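Open the model in your viewer and keep the sequence panel beside it. This tour goes stop by stop: what to select, then what is there.

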Amino acid sequence: MIRPHPSSPQLGLVFEDPRPARRIWPVRELVSHVRELVEERFGDVWVEGEISNLRPAPSGHLYFTLKDADAQLPVVLFRRQGILLRFRPEDGLHVLARGRVSVYGQRGQMQLIAETMEPVGAGSLQLAFEQLKQKLKAEGLFEADRKRPLPAFPRTVGIVTSPSGAVIRDFLNIVGRRHSGLNVLLCAAAVQGESAVAEVESALKCLNASGFVDVIVIARGGGSLEDLAAFNSERVARAIAASKLPVVSAIGHETDFTIADFVADLRAPTPSAAAELITEAQHRIAEHLSNVAARLGRAARFQVLQAQQRLSRVPVSRAEARITTIIHRLEQRLDDLLQGLTGAITAGLRHRRRLLDELSATVLCHDPRQRLAHARHHFAAGAARLDRAMERSLHQERARRQALDARLNSLSPLAVLERGYALVLDERGALIRSARRVTPGERVFTRMSDGTFTSRVEESATPDPLKKREQ
């Protein structure tokens with residue numbers, strides 16, 4: 001724009017600078033601004049590519065690159081989203097990732113923060129199934145030499161299934177029909193949903209620790225791959241492998257296969273087939289016994305028929321003689337058996353009576369009444385000894401006290417008074433030991449052995465020691 005100016009030296013024209021003012025961006029501010037724009041524009045996108053340079057971090061986060069023929073994009077999958085994946089990401093795997101595009105400021109690098117992923121082509125559940133199958137197979141969990149045979153005649157079978165489904169009813173019906181003496185212990189667990197894995201794993205541990213069951217059956221009806229997901233988990237597979245008891249897998253229909261089927265000691269096509277397999281030996285024996293009983297009945301009837309025919313051909317007299325002889329022989333045999341039985345009973349009774357006498361003697365030895373009588377006698381003897389000891393001690397103490405009384409009496413001032421001496425006390429009750437301590441007219445008290453009398457001092461005199469010596 002050109003506008004006139006009166007003081008302009010250039011013919012009154014002023015020319016404005018066409019260049020705009022420069023804005024200087026700090027790197028952090030620019031990166032933050034770009035990140036906001038990118039996250040606002042690409043906050044929820046799906047990206048398809050091949051995984052490469054997969055780097056699991058110790059924190060549990062996954063870092064990798066999604067690439068195609070012309071470009072590549074760094075991706076981070078944080079741990080809390082990674083644990084929800086139903087397959088294990090691997091290099092070279094073609095996946096579809098969903099997340100938001102952002103910019104990592106420390107490196108100024110665009111990246112995709114993934115929320116979820118799924119493989120392209122095969123479903124995630126099928127891929128997870130194949131990956132876990134190959135992993136456990138490489139560890140030897142599918143080997144036939146580690147499979148244990150089922151017990152032929154189990155007393156109790158533990159079943160892990162839902163208590164409200166049709167599976168447990170069918171199982172109990174078949175067991176009751178084929179082996180009514182078999183006990184069934186139900187350990188209830190969810191067989192579908194998020195809690196199914198933990199509950200099935202806990203049920204297996206509980207049945208192993210109970211000590212009541214001989215074989216375990218894991219049973220569930222048919223369903224889709226999503227419905228059977230709990231039995232395709234690694235935790236359930238390792239719980240089955242760690243079981244000390246044989247495990248029968250009866251999951252789904254005959255065409256359904258799960259990881260639990262490969263790890264279990266025996267796979268049954270259906271829960272009903274599992275009940276038949278467990279009771280097979282008992283059912284075979286029952287059928288065999290039924291056949292033997294039928295054959296035995298036919299043989300017995302044939303023998304009776306032959307005997308009747310032979311008896312019909314024998315004359316009556318000979319038949320009576322033979323019957324009489326047989327009866328006499330049987331009676332003699334019966335007498336021998338009765339005699340032997342009587343002797344055995346007598347000997348048994350004699351032995352039992354001897355045992356009873358010994359037990360009675362033993363009981364009498366431990367009879368509390370005898371113990372009480374012995375204790376009472378011991379107490380009486382102790383009491384008598386205590387009385388004698390107390391009497392002896394009292395006698396000794398009495399003699400000692402009398403000796404002390406005699407010694408005390410010999411030292412008592414009263415004994416001295418009884419020999420004719422007296423004690424002279426002043427008015428305060430103090431003992432007067434010298435004639436110099438009394439004055440004429442003072443009242444004194446004289447204590448004799450049998451009483452006291454009061455007197456007044458008329459005169460006090462002290463004997464001269466020299467005159468006393470001369471006398």
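Select helix H6, residues 234-241. Its buried residues are Val236, Ala237, Ala239 and Ile240. Buried means under 20% relative accessible area, exposed means over 50%, and partly exposed is in between, with a 1.4 Å probe and protein chains only. Look down the axis of H6: the buried residues fall within an arc of 160°, so they line one face of the helix. That arc is taken over the directions from the helix axis to the C-beta atoms.

Some ground rules before moving on. This is a predicted model, in which local features need pLDDT of at least 70 and side-chain atom pairs count only at pLDDT 80 or more, while totals for chains, interfaces and linings use all residues. Residues are numbered from 1 along each chain as its sequence is written, and side-chain values use heavy atoms, with hydrogens and water left out. Helices (H or I, at least four residues) and strands (E, at least two) are DSSP runs, numbered from the N terminus.

**Whole chain**

Zoom out. The protein chain has 13 helices and 15 strands. Of its 471 residues, 26% count as buried. Contact means heavy atoms within 4.5 Å. Take the contacts between residues at least 6 apart in sequence: 58% of them join residues at least 24 apart.

**The five-stranded sheet**

Select strands S8 to S12. What is the order of the strands in this open sheet? It reads S9-S8-S10-S11-S12, with parallel pairing. Two strands pair if DSSP finds at least two bridges between them. At the edges are S9 (183-188) and S12 (266-267), each pairing on one side only.

Now pick S8, residues 156-161. Six bridges link S8 to S9 in the parallel sense. Valine 157 is the residue to label here; opposite stands valine 184 in S9.

**Helices across the sheet**

Add helix H4, residues 166-178. H4 lies across S8, S9 and S10 (215-220), and runs at about 160° to S8. Axes are lines fitted to C-alpha atoms, for helices over the stretch in contact, and angles run from 0 to 180 degrees between N-to-C directions.

Next, add helix H8, residues 271-278. H8 lies across S8, S10, S11 (247-251) and S12, at about 160° to S10.

How do H4 and H8 meet? Their axes come within 9 Å and cross at roughly 25°. The two helices are therefore roughly parallel to each other; angles under 35 degrees count as roughly parallel, over 145 as roughly antiparallel, 65 to 115 as roughly perpendicular and the rest as oblique. Show side chains for the contact. From H4 come Val167, Asp170, Phe171, Ile174, Val175 and Arg178. From H8 come Pro271, Ser272, Ala274, Ala275, Glu276 and Ile278.

**Threonine 258**

Select threonine 258, in the loop between S11 and helix H7 (259-263). Is threonine 258 buried or exposed? At 0% relative accessibility, threonine 258 counts as buried. Beyond the neighbours within four places in sequence, threonine 258 contacts Phe129, Leu228, Phe231, Asn232 and Ile251.

**Strands S5, S6 and S7**

Move to S7, residues 109-119. S7 pairs with S5 (residues 72-77) in the parallel sense, over two bridges. There, valine 76 has isoleucine 113 of S7 as bridge partner.

Now add S6, residues 94-104. S6 and S7 run antiparallel and are joined by 10 bridges. Label valine 103: the bridge partner in S7 is methionine 110. Then trace the hairpin of S6 and S7. Four residues lie between the strands, and glycine 108 takes a positive phi near 60°.

**Arginine 79**

Select arginine 79, in helix H2 (residues 79-82). With a relative accessible area of 46%, arginine 79 is partly exposed. Histidine 61 is 18 residues away in sequence, yet 4.6 Å away in space, C-alpha to C-alpha. Leaving aside neighbours within four places in sequence, arginine 79 contacts Ser59, Gly60 and His61.

**Last stop: the three-stranded sheet**

Select S13, S14 and S15. These form an open sheet in the order S13-S14-S15, with antiparallel pairing. S13 (423-425) and S15 (452-456) stand at the edges with a single partner strand each, so one side of each is left without a neighbour in the sheet. From one strand to the next, the twist averages 30°.

Finish on S13 and S14 (residues 443-447), antiparallel and joined by three bridges. Label valine 424; threonine 446 in S14 stands opposite.
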